[in-house]
Amino acid sequence: TDVSPSLGGWLRGVHVVSSSVAIAVGSNGMIIRSENGGSSWTAQESDVNTELLGTFVLSGGVGIAVGSDGTITGTSDGGLTWAAQVSGTTSDLHAVYLRDENNGIVVGRGGTILMTTNGGMDWIKQNSGVFSDLNDIAFSSELTGVIAAEDGTPVSYTHLRAHETVL
């Protein structure tokens, strides 16, 4: 289904997979996918109906979208099909980063950090050391990243396994 300029909802997150492929997520489980650099978009079935806030899709096709009430949905075909995953939390999840097909990290409300080492089959809660909302995550190298916290405190994240607060 081609998506018209008026989507009937809000877009909350986008990830550019390649020069031609992009995935955007938003209200009511909305996922849209472009295969032509954003010139046109096609709606995808997300397998969830809660607000999606962030997404990350690897060039190999594995991807995750996260959202309100602990929602996680995943894809293994570049965003053509999606299946809900069990997060183990009801906290809103704001952003996701995938290092590879197996290893990823999700951040969210109230200092929530979840990690997977098996492609999202299991999400393990990590101790962030903070209680403020964690809104985004970016990595400067394969294993070292920074999480943006609501209160302005950056939290470093190393090896997708441990963290420390950076002053």
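Student: In which sense do E1 and strand E2 pair, and over how many bridges?

Tutor: When reading a strand pair, one asks for its direction and for the bridges that join it. In this predicted model, E1 and strand E2, which covers residues 22-26, pair in the antiparallel sense over five bridges. As an example of one such partnership, leucine 11 has glycine 26 in E2 as its bridge partner.

Student: In what order do the four strands of the open sheet stand?

Tutor: The order of strands is read across the sheet, from one edge to the other. Here four strands form an open sheet in the order E1-E2-E3-E4, and the pairing is antiparallel. Strand E1 (11-16) and E4 stand at the edges with a single partner strand each, so one side of each has no neighbour in the sheet. From one strand to the next, the twist averages 25°.

Student: How many helices and how many strands does the protein chain have?

Tutor: The protein chain has zero helices and 16 strands. Two further totals help to describe the chain. Of its 167 residues, 50% count as buried. The protein chain exposes about 8,100 Å², and carbon and sulfur atoms supply 50% of that area.

Student: Is serine 46 buried or exposed?

Tutor: To answer this, one compares the relative accessible area with a cut-off: a residue under 20% counts as buried. Serine 46 has a relative accessible area of 2%, and therefore it is buried. Serine 46 is found in the loop between strand E4 (42-44) and strand E5 (52-57).

Student: Which residues is serine 46 in contact with, leaving aside its neighbours within four places in sequence?

Tutor: With those neighbours left aside, serine 46 is in contact with Gly29, Ile31, Leu52, Thr73, Trp82 and Ala83.

Student: What is the sign of phi in aspartate 47?

Tutor: Phi is a backbone angle, and its sign is read together with the residue type. Aspartate 47 has a positive phi, near 70°, and is a residue other than glycine. Aspartate 47 is also found in the loop between E4 and E5, and with a relative accessible area of 45% it is partly exposed. Aspartate 69 likewise is not a glycine and has a positive phi of about 60°. Aspartate 69 lies in the loop between strand E6 (63-67) and strand E7 (72-75).

Student: What separates the C-alpha atoms of alanine 84 and valine 48?

Tutor: A separation in space should be read beside the separation along the chain. The C-alpha atoms of alanine 84 and valine 48 are 6.4 Å apart, while the two residues are 36 residues apart along the chain. Alanine 84 lies in strand E8 (residues 83-85) and is partly exposed at 42% relative accessibility. Leaving aside neighbours within four places in sequence, alanine 84 is in contact with Asp47, Val48, Ile72 and Thr73.

Student: Which rings are linked into a cluster by ring pairs?

Tutor: An aromatic pair is read from the centres and the planes of its two rings. The count comes to two aromatic pairs. Phenylalanine 56 and tyrosine 97 form an edge-to-face pair, with 5.1 Å centre to centre and 65° between the planes. Phenylalanine 56 lies in strand E5 and tyrosine 97 in strand E9 (residues 93-98), so this pair ties together parts 41 residues apart in sequence. Tyrosine 97 and phenylalanine 139 form a stacked pair, with 4.1 Å centre to centre and 15° between the planes. Phenylalanine 139 lies in strand E13 (residues 134-139), so its pair with tyrosine 97 ties together parts 42 residues apart in sequence. Ring pairs thus link Phe56, Tyr97 and Phe139 into a cluster. Phenylalanine 56 is buried at 15%, and both tyrosine 97 and phenylalanine 139 are buried.

Student: How many salt bridges are there, and which residue forms one with arginine 12?

Tutor: For a salt bridge, one looks at the closest nitrogen and oxygen atoms of the two side chains. The count comes to five salt bridges. Arginine 12 forms one with glutamate 51, and the closest N and O atoms are 2.5 Å apart. Arginine 12 lies in strand E1 and glutamate 51 in the loop between E4 and E5, so the pair ties together parts 39 residues apart in sequence.

Student: Which residues are linked in a network of salt bridges?

Tutor: The network links Asp92, Arg109 and Asp133. Within it, aspartate 92 forms a salt bridge with arginine 109, the closest N and O atoms being 3.2 Å apart. Aspartate 92 is buried at 17%, whereas arginine 109 is partly exposed at 40%.

Note on methods. Residues are numbered from 1 along each chain as its sequence is written. This is a predicted model: local features need pLDDT of at least 70, side-chain atom pairs count only at pLDDT 80 or more; totals for chains, interfaces and linings use all residues. Side-chain values use heavy atoms; hydrogens and water are left out. Buried means under 20% relative accessible area, exposed over 50%, partly exposed in between (1.4 Å probe, protein chains only). Contact means heavy atoms within 4.5 Å. Two strands pair if DSSP finds at least two bridges between them. Axes are lines fitted to C-alpha atoms, for helices over the stretch in contact, and angles run from 0 to 180 degrees between N-to-C directions. Rings of Phe, Tyr and Trp (its six-membered ring) pair if their centres lie within 6.5 Å; planes under 30 degrees apart count as stacked, over 60 as edge-to-face and the rest as tilted. Accessible areas come from the Shrake-Rupley method with a 1.4 Å probe; for residues, only the protein chains shown count as cover. A salt bridge is a side-chain nitrogen of Lys or Arg within 4 Å of a carboxyl oxygen of Asp or Glu.
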